[in-house]
Amino acid sequence: MKKIAKLKLTPWMAWVGLLVTVIAAGVAAGLMVFVKGLSLTNLTDMVPWGLWITIDLSSIAISAGAFSLCAAVYLLGLKRYQPLARTATFIGLIGYTMALLTLLMDIGRPDRFWHAVVYWNRHSLLWEVTMCVTLYLAVLALEAMPIFAQFEWLRTRLPRLAARMERVHHYAPYLAIVGLGLSMLHQSSLGAVYGVLKSRPLWYRPDISILFIVSAVAGGMALTVFASMLSARITRRANIDDGLLERVAYFIGWILVGYLYFRFWDALSMTYTYEPGRTEGLRMLTSGPFAFNFWIGEMLLGAVVPILLLLRRRTRQVPFWRMLALLLVVGGVVAYRWDTNLSGQLIVLSYLPGEPAVAYTHYVPSLIEFASGAGVVAYGLLAFSLGVRYLGVVNHEAAAEEHFEEMPAREALPAPTGD
Amino acid sequence: MNKRERFALAAVFALLAAGVTLVMVQAKAEAPAPAVQEQEPLNCSECHQDFQMEWASGAHSSATNDPIFAQAWADQGQPGACMVCHVTGYDPGTGTWEQDGVACTACHNPVPTNHPEEPMPVQDTTELCGQCHSDARFGWQEWQTSTHYQRGMDCTVCHDPHSASLKNVEGLEAQGPSGLCVNCHRDYNMDFPYSNHAMAGLNCVDCHLRHFGSSGGRTIHTMPDHSFTASLTSCTSCHDREMHGPTDAATGAEITTQAVVPATNGALAEEPAPVSPYGFAGLAGLLGLAGGMVLAPWLERAYRKLSQKEKSS
Amino acid sequence: MSETNLNRRDFLKLAGVSVAAIGGLQIYRRAEASSGGPEGEHQWAMVVDQSRCTGCDYCTLACRAHNDINPEISWNQVIETGAISGKQVYLARPCMHCEHAPCVDVCPVQASTYRPDGIVQMDYDRCIGCRYCEVACPYGARSFNWEAFTGRNPAVPQWGQPEVARRPRGVVEKCSFCSQRIDRGLALGLTPGIDPDATPACVVRCPTGARIFGDLKDPESNVSQLLRGHASFRLREDLGTRPRVYYLPPNGSPEA
């Protein structure tokens with residue numbers, strides 16, 4: 001660079017600048033944690049899993065759009081959603097890397113993160129989650145190769161490599177099968193990580209696994225649609241097929257109905273008969289410190305309002321309301337994981353003889369946890385923004401064209417399949 | 001062959017020789033130690049520095065060098081009978097001893113030949129301590145009558161043999177030796193602090209571990225009464241004038257017993273945290289937002305009216 | 001996508017069979033998830049006699065010294081659990097070394113394993129510090145090293161001397177029934193529970209003899225006889241963990 005270009009504060013630069021600042025703060029916080037240890041957090045022996053685990057769970061949940069949309073496109077034959085599956089795959093890749101970054105900070109020995117892959121414990125759900133996440137990250141990386149092959153720099157400098165990466169797309173159906181299997185395993189297992197603990201009555205039930213995967217599918221697809229719509233609004237490099245997105249939003253609305261139905265019965269069944277630990281937990285959720293998060297965050301804004309907005313055509317067709325509803329869905333998914341993770345731990349059940357007495361502890365994340373968490377989220381936003389700008393991940397027109405080019409004659413039937 | 005090749009060959013030979021020698025020498029060094037008692041005593045403090053430091057700070061280490069003892073011993077003509085206890089490994093035949101003070105092997109013997117594989121003998125028995133602390137002057141017999149001894153306890157329950165002092169339990173140092181008593185007998189600590197005796201500045205050991213008598217005016221070889229019975233003598237040591245006469249001690253006053261609230265671990269609470277005020281604020285904000293959006297057209301109309309009024313006025 | 005011949009029906013068939021297979025395998029393997037029973041030569045157990053426990057905490061301090069534990073951590077906890085006829089009752093809680101331990105089930109790297117003699121042992125070199133075991137333990141017996149323990153251990157040497165290495169920052173630790181003492185004692189031909197050098201430090205140090213340790217496999221051992229002759233209970237038996245620490249109730253012994 002011979003002359004120092006005048007740094008024009010375009011909106012893009014401002015956005016990137018903001019994100020980089022937050023990432024820098026996050027990196028600094030993360031380094032402090034690596035050096036000084038987890039005593040910098042507000043985690044205790046009674047509440048060992050806090051904000052970072054919530055971010056980790058939420059990142060994996062909102063990446064669920066990848067497996068569900070890829071399964072829809074390649075296994076159920078709903079080809080028209082392929083461009084959205086492409087966006088979802090990219091978001092999935094980002095989400096899983098976010099989860100891994102957060103996990104790396106959270107475990108006590110980050111230098112031993114590879115132990116789970118080498119030392120197995122087939123009885124452990126957390127082991128299963130770790131293995132599935134590791135394998136699925138590989139699957140996502142492969143699925144995302146065609147996206148990276150679009151990178152202009154790569155296409156001009158290393159055209160053969162770019163072509164090879166593009167050809168991975170041929171294996172998309174197999175990757176979709178593997179991805180579906182792995183995702184169904186670990187999305188529900190993340191819930192089962194809580195659900196198998198007999199020592200925590202609030203968690204000890206099979207519904208949590210189902211609720212986790214259903215909410216993940218809803219949240220993941222919601223984030224994908226929301227991110228596509230927002231990108232299209234902000235930049236011309238992103239273009240969307242609004243009709244397509246409207247159909248997906250409609251589908252999300254019905255998933256939410258199923259989710260709300262499950263949640264209702266899950267909660268109601270816990271109100272019958274007193275069980276130490278479980279009843280208090282439910283009380284904490286409905287009328288205690290989590291009351292607002294539960295009723296307003298999870299139920300009203302997270303499920304009921306989005307259902308109303310997404311199932312009614314008048315609101316669904318208005319982009320503003322649709323985007324708001326989808327954003328609320330994502331918020332509800334995050335709130336659900338925060339509530340589940342925390343409520344079980346804040347209840348301290350005594351193990352002394354007699355009926356177990358219940359005491360309560362408390363937890364507020366420390367500044368370090370907030371900073372590093374925000375850094376990870378900012379990284380995700382930055383990665384997605386870069387993807388939109390340079391990799392064209394939100395591109396319904398071009399992807400549709402490519403897709404139709406590759407299709408042999410028998411697929412190009414006028415009658416639409418599925419939906 | 002040229003110089004370089006020769007040097008290379010020589011280096012190879014040298015390495016080979018060194019290696020073989022090293023292997024042979026190491027093998028010899030790892031040969032098992034002879035099963036014969038070491039002539040010089042094991043230097044315990046090489047590994048057990050903590051114990052060494054504790055010992056050095058206590059009475060057992062200065063049993064020989066203590067100036068008062070040394071003076072008294074010298075004054076009495078250096079009798080060997082004292083040395084039986086005041087040194088380690090005393091040989092009455094030759095009048096020599098292995099170590100000054102009550103050192104490690106005074107209690108930890110016989111020393112196993114393969115220490116540290118085999119642990120040192122540790123005999124936590126009254127008999128072991130009683131080998132020295134069992135003189136008629138010491139009054140070891142009272143200890144044998146105490147419930148503590150009959151329940152199988154030994155000296156090391158309260159006394160640390162290395163520092164030759166009482167054990168101290170965290171949190172109870174303020175009560176001195178009595179802190180150790182209440183550490184086990186916690187029930188008594190509930191009401192006793194509110195009693196008159198406590199208010200007068202007394203504590204457990206003042207009545208239950210009194211020093212009785214002296215040998216020739218000295219309290220050197222006497223021990224507090226380890227029968228732990230608060231006998232009549234304990235009472236009369238303060239209340240002797242009140243034995244048969246009128247007493248002005250308060251009787252049957254209302255001793256208000258306050259239930260001592262157990263110190264809860266600060267992390268636990270009986271009730272969950274209250275509903276968060278931020279939640280209320282958030283809800284109010286949402287309602288305000290909704291209300292504002294509904295009322296917006298009227299508000300705008302009102303504002304326009306106002307600004308028109310101002311323009312015209 | 002155009003080259004694959006996998007149609008919807010085949011896919012569903014394949015998926016169904018795989019799920020059934022994986023599910024079936026899981027059920028089969030679940031049977032291995034417990035220890036104990038007739039496996040080992042010994043089956044160690046501990047008995048805590050609440051009628052003798054005075055809450056003096058000597059066991060906690062001895063444990064802290066012999067295992068070089070951070071003063072902020074307690075492998076053994078002595079808890080006040082109320083009073084009977086005005087006399088305070090205490091309960092000492094070490095690791096239960098459950099026969100069916102939740103911590104062994106949930107560890108993702110199998111850092112917690114069953115020894116043949118029933119002790120649940122921790123491999124501190126394998127632990128990644130995920131704290132799942134800490135969340136899963138119903139007895140709160142596990143502690144995480146939030147900080148490295150540097151500096152002097154205040155319990156040493158008054159209450160004992162360290163026999164094991166200090167754990168690093170970032171791993172979870174717990175009571176080991178002083179397996180280092182048991183193993184050393186057995187190698188020297190001593191009897192754990194009888195010979196102090198082969199017995200857990202907490203048992204040795206208890207001044208009132210409220211803690212007893214022994215081999216349940218030996219019908220004439222101290223613990224076997226105690227459990228035969230007295231009513232005993234274990235903590236949270238409803239959870240099915242089958243702990244190896246038995247408690248004799250407070251008003252059982254005549255010396256109460």
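In this predicted model, a good place to start is the meeting of two chains: 21 residues of chain B are in contact with 17 residues of chain C. Chain C also touches chain A, with 46 of its residues in contact with 40 residues of chain A. The points below look at these two contacts, then at the fold of chain C, and then at some helices of chain A.

**Where chain B touches chain C**

- Two helices of chain B, α2 (49–56) and α9 (177–184), each supply at least two residues of the side that touches chain C.
- The largest share of that side of chain B comes from α2(B), which gives three residues.
- By residue type, the side of chain B that touches chain C divides into eight nonpolar, five polar and eight charged residues.

**Where chain C touches chain A**

- On this side, 46 residues of chain C meet 40 residues of chain A.
- Several elements of chain C each supply at least two residues here: α1 (8–30), β2, α3 (102–106), α4 (132–136) and β6 (143–144).
- The residues of chain C on this side divide into 27 nonpolar, nine polar and ten charged.

**Chain C as a whole**

- Chain C holds seven helices and nine strands.
- Chain C has 256 residues, and 50% of them count as buried.
- Among the contacts in chain C with a separation of 6 or more, 61% join residues 24 or more positions apart.

**A three-stranded sheet in chain C**

- Three strands of chain C make an open sheet with mixed pairing, in the order β8-β1-β9.
- Its edge strands are β8 (211–215) and β9 (245–248) of chain C, each of which pairs on one side only.
- Neighbouring strands of this sheet are turned against each other by 25° on average, direction ignored.
- Strand β1 (residues 44–49) of chain C pairs with β8(C) in the antiparallel sense, over five bridges.
- Within that pairing, C:Val48 stands opposite C:Arg211 in β8(C).
- Helix α7 (residues 222–229) of chain C packs on the sheet and touches β1, β8 and β9 of chain C. The direction of α7(C) makes about 110° with that of β8(C).
- As background for viewing such a sheet, side chains in a regular strand alternate between the two faces.

**A hairpin in chain C**

- Strands β2 (residues 77–84) and β3 (residues 87–93) of chain C pair in the antiparallel sense over six bridges.
- At C:Ile84, the residue standing opposite is C:Lys87 in β3(C).
- Two residues lie between the strands of this hairpin, and C:Ser85 takes a positive phi near 50°.
- Strand β2 of chain C has appeared above too: it is one of the elements that supply at least two residues to the side touching chain A.

**Helix α3 of chain A**

- Helix α3 (residues 64–75) of chain A has twelve residues, which at 1.5 Å a residue should span 16 Å; its end C-alpha atoms are 16 Å apart, so the two values agree.
- Twelve of the twelve residues of α3(A) are buried, so the helix is largely enclosed by the rest of the structure.
- The buried residues of α3(A) include A:Ala64, A:Phe67, A:Cys70 and A:Tyr74.
- Just after α3(A) comes A:Gly77, with a positive phi of about 75°.

**Two crossing helices of chain A**

- Two packed helices are described by the angle between their axes and the distance between the axes.
- For helix α10 (residues 207–234) and helix α15 (residues 319–346) of chain A, the axes come within 8 Å and cross at roughly 145°.
- The crossing of α10(A) and α15(A) is left-handed.
- On the α10(A) side, the contact is made by residues including A:Ala218, A:Phe226 and A:Met229, while α15(A) contributes A:Met323, A:Val330 and A:Tyr336, among others.
- The residues of this contact divide into 16 nonpolar, three polar and no charged.
- The 28 residues of α15(A) should span 40 Å at 1.5 Å a residue, and its end C-alpha atoms are 40 Å apart, which agrees.
- Helix α15(A) is mostly covered, with 21 of its 28 residues buried.

**One residue to look up: A:Val178**

- A:Val178 sits in helix α9 (residues 172–195) of chain A.
- Is A:Val178 buried or partly exposed? A:Val178 is partly exposed, because 18 other C-beta atoms lie within 10 Å.
- A:Tyr136 is 42 residues from A:Val178 along the chain, yet their C-alpha atoms are separated by 8.1 Å.

Key. Residues are numbered from 1 along each chain as its sequence is written. Chains are lettered from A and ligands numbered from 1 in the order in which they are written. This is a predicted model: local features need pLDDT of at least 70, side-chain atom pairs count only at pLDDT 80 or more; totals for chains, interfaces and linings use all residues. Two residues are in contact if their C-beta atoms, placed from the backbone, lie within 7 Å. Helices (H or I, at least four residues) and strands (E, at least two) are DSSP runs, numbered from the N terminus. Ala, Val, Leu, Ile, Met, Phe, Trp, Tyr, Cys and Pro count as nonpolar, Asp, Glu, Lys and Arg as charged, and the others, Gly among them, as polar. The expected span of a helix is 1.5 Å times one less than its number of residues. A residue is buried if 20 or more other C-beta atoms lie within 10 Å of its own, exposed if 12 or fewer, and partly exposed in between; C-beta atoms are placed from the backbone. Axes are lines fitted to C-alpha atoms, for helices over the stretch in contact, and angles run from 0 to 180 degrees between N-to-C directions. A crossing is left-handed if the near helix is turned anticlockwise from the far one by less than a right angle, and right-handed if clockwise. Two strands pair if DSSP finds at least two bridges between them.
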